[in-house]
Amino acid sequence: MALRIRRCRTLMRISQSELAHRVGVHRSAVTQWERDGGTHPCIDHLAAISIAANVPFDWLATGRGDPTRCPEIEVPAIAFDYAVNEAEAKLLEVIRRLPKRTRKAVCDLVELIAVG
């Protein structure tokens, strides 16, 4: 798993800090995940890496399957299933790239704006 996580990050051309930011963890967590014999991410973090890197969750978790084929994670296709216009689709795409804690704060803010 460590090699697959590192492969995703390097193919994305981002630092450990950037991946950590996108997943909502500290950089040291990514360092541990990428180290042989290090810790493994929890399911939520693994899913966030999968989405950020646009690779199949199964491949990332187990190494099985094709890492280049991931139709279930293509954000525009999923976004338009739920969004009623381009603005909503763009917002959904951007929110999915945010770290988990930031995502909640943004959703709370949008709700406040909608009520006001």
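**Close-ups of an eight-helix model**

**View 1. Leu46, a buried leucine in helix H4.** Leu46 has a relative accessible area of 3%, so it counts as buried. This is a predicted model, so read every value here as computed from predicted coordinates. Leu46 sits in helix H4. What does Leu46 touch once its neighbours within four places in sequence are left aside? The contacts are Met1, Pro41, Phe57, Leu60 and Ala61. Take Phe57 from that set: Leu46 and Phe57 are eleven residues apart along the chain, and their C-alpha atoms are 7.4 Å apart in space.

**View 2. The whole chain, for orientation.** The protein has eight helices and zero strands. Read from the N terminus, the order of elements is α-α-α-α-α-α-α-α. Of the 116 residues in the protein, 32% are buried. If you take the contacts between residues at least 6 apart in sequence, 39% of them join residues at least 24 apart.

**View 3. Helix H1 crossing helix H3.** Two packed helices are described by the angle between their axes and the distance between the axes. Here the players are H1 (residues 2-12) and H3 (residues 27-34), with axes that come within 7 Å and cross at roughly 125°. That angle makes H1 oblique to H3. Which residues make the contact? From H1 they are Ala2, Ile5, Arg6 and Arg9, and from H3 they are Val30, Trp33 and Glu34. Sorted by type, the residues of this contact come out as four nonpolar, no polar and three charged.

**View 4. The buried side of helix H2.** Helix H2 covers residues 16-23, and its buried residues are Gln16, Leu19, Ala20 and Val23. They span an arc of only 100° around the axis, so they lie on the same side of H2. The spacing fits a simple rule: an α-helix has 3.6 residues a turn, so residues three or four places apart point the same way. What covers the buried residues of H2? The cover includes H1, H3, helix H4 (43-53) and helix H8 (100-115). Just past the end, H2 is followed by Gly24, which has a positive phi near 90°.

**View 5. Two loop residues with positive phi, neither of them a glycine.** Start with Arg13, whose phi is positive at about 60° even though this residue is not a glycine. Arg13 belongs to the loop between H1 and H2. Is Arg13 buried or exposed? With a relative accessible area of 77%, Arg13 is exposed. Next comes Asn54, also not a glycine, with a positive phi of about 55°. Look for Asn54 in the loop between H4 and helix H5 (57-62). Asn54 counts as partly exposed, at 37% relative accessibility.

**View 6. Cysteines Cys8 and Cys42.** A disulfide is a covalent bond between the sulfur atoms of two cysteines. How many disulfides does a search of the whole structure find? The answer is zero. As for accessibility, Cys8 counts as buried, at 4% relative accessibility. Cys42 is partly exposed, with a relative accessible area of 38%.

Definitions and conventions
Residues numbered from 1 in each chain as written. Predicted model: local features only at pLDDT ≥ 70, side-chain atom pairs only at ≥ 80, totals over all residues. Heavy atoms only, no water. Axes fitted to C-alpha atoms, helices over the stretch in contact; angles between N-to-C directions. Helix = DSSP H or I, 4+ residues; strand = E, 2+ residues; numbered from the N terminus. Parallel < 35°, antiparallel > 145°, perpendicular 65-115°, else oblique. Contact = heavy atoms within 4.5 Å. Nonpolar A, V, L, I, M, F, W, Y, C, P; charged D, E, K, R; others polar. Buried < 20%, exposed > 50% of the residue type's maximum accessible area, 1.4 Å probe, protein only. Arc of directions from axis to C-beta. Disulfide = S-S within 2.5 Å.
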